[in-house]
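Please open the structure in a viewer and keep the sequence at hand. The tour below proceeds by selection: each stop names what to select and then describes what is found there.

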Amino acid sequence: MAKRDVLRMCVACRSMRDKRDLLRIVRDSKTGEVDFDVSGRRAGRGAYVCCQMDCLEQAKRRRVAENLGGTPSEGLYERLELAIEERLAAERLAERRANPRIHRISLASIKGGAEANDEQTLRRKED
């Protein structure tokens, strides 16, 4: 029997995503402290946020940690930002490994520098 995808809703953008693609914030039922759940399996009341900085900023404005009924742990949002940055970096690395022949846009071509004419291979594959 095939496993079903477990879907959860981001509290910021309200999009339904696979549970593994979201970050979980959980209130510990014993201490009442709200913290980042790295494993996604800690016991307690939880909320999910997309791995996008916009969603994290909106979750901060909506006071998601406080609305879980506890006190946010020190450095909660900094740890979430770091987790988002790490996950985005891992995705970029995986994309580069999957498509090694794609050129990157050079800074000179973006600014229209002298090398712009030589850099006409913006994001196209080599033959």
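Begin with the side chain of Asp-37, which makes a polar contact with the side chain of Arg-24 at 2.7 Å. The model in which this contact appears is a predicted one. The side chain of Asp-37 also reaches the backbone nitrogen of Arg-41, at 3.1 Å. Asp-37 belongs to strand β4, which covers residues 33–37. Is Asp-37 buried or exposed? With a relative accessibility of 3%, Asp-37 counts as buried, because the limit for a buried residue is under 20% relative accessible area. Leaving aside residues up to four places away in sequence, Asp-37 touches Arg-24, Val-26 and Arg-42.

**The whole chain**

Next, select the entire chain and colour it by secondary structure. Four helices and six strands make up its secondary structure. Read from the N terminus, the order of the elements is β-β-β-β-β-α-α-β-α-α. The chain has 127 residues, of which 29% count as buried. Among contacts with a separation of 6 or more, 48% join residues 24 or more positions apart. If the surface is displayed, its accessible area comes to about 9,400 Å², and carbon and sulfur atoms account for 47% of that area.

**Strand β3 and its partners**

Now select β3, residues 22–27. Five of the six residues of this strand are buried, so β3 is largely enclosed by the rest of the structure. Add β5, residues 45–50. β3 and β5 pair in the antiparallel sense over six bridges. To locate one of these positions, select Leu-22, whose bridge partner in β5 is Cys-50.

Then add β4, the strand that holds Asp-37. β4 is also antiparallel to β3, and this pairing runs over four bridges. Which residue of β4 is the bridge partner of Ile-25? The partner is Phe-36. Five residues lie between the strands in the hairpin of β3 and β4, where Gly-32 takes a positive phi near 80°.

**Salt bridges around Asp-35 and Arg-20**

Side chains of opposite charge can pair when their charged atoms come close. A search of the whole structure finds seven salt bridges.

Select Asp-35 and Arg-79, whose side chains meet in a salt bridge with an N to O distance of 2.3 Å. Arg-79 lies in helix α3 and Asp-35 in strand β4, so this pair ties together parts that are 44 residues apart in sequence. Asp-35 is buried, at a relative accessible area of 16%, while Arg-79 is partly exposed, at 32%. Keep Asp-35 selected and add Arg-42, which forms a salt bridge with Asp-35 in which the closest N and O atoms are 4.0 Å apart. Arg-42 counts as partly exposed, at 31% relative accessibility.

Move to Arg-20, in the loop between β2 and β3. Arg-20 forms a salt bridge with Asp-18, and their closest N and O atoms are 2.9 Å apart. Arg-20 counts as exposed, with 62% relative accessibility, whereas Asp-18 is buried, with a relative accessible area of 14%. Selecting Asp-5 as well completes the picture, as Asp-5, Asp-18 and Arg-20 are linked in a network of salt bridges. Not counting residues up to four places away in sequence, Arg-20 touches Asp-5 and Arg-87.

**Helix α1**

Select α1, residues 53–61. Which residues of α1 are buried? They are Cys-55, Leu-56 and Ala-59. Seen down the axis of α1, these buried residues fall within an arc of 100°, so they line one face of the helix. An α-helix has 3.6 residues a turn, so residues three or four places apart point the same way. The buried residues of α1 pack against β5, α2 and α3. On the other side of the helix, Asp-54 and Arg-61 are exposed.

**Two positive phi angles**

The last stop concerns the backbone. Most residues other than glycine have a negative phi. Select Arg-63, in the loop between α1 and α2. Its phi is positive, near 55°, although Arg-63 is not a glycine. Arg-63 is partly exposed, with a relative accessible area of 48%. Finally, select Arg-14, in the loop between β1 (7–9) and β2 (16–18). Arg-14 is likewise not a glycine, and its phi is positive, at about 65°.

Key:
Residues numbered from 1 in each chain as written. Predicted model: local features only at pLDDT ≥ 70, side-chain atom pairs only at ≥ 80, totals over all residues. Heavy atoms only, no water. Buried < 20%, exposed > 50% of the residue type's maximum accessible area, 1.4 Å probe, protein only. Polar contact = N/O pair within 3.5 Å; in protein donor to acceptor, adjacent residues only side chain to side chain. Contact = heavy atoms within 4.5 Å. Arc of directions from axis to C-beta. Areas by Shrake-Rupley, 256 points an atom, 1.4 Å probe, with all protein chains shown as cover. Pairing = 2+ DSSP bridges.
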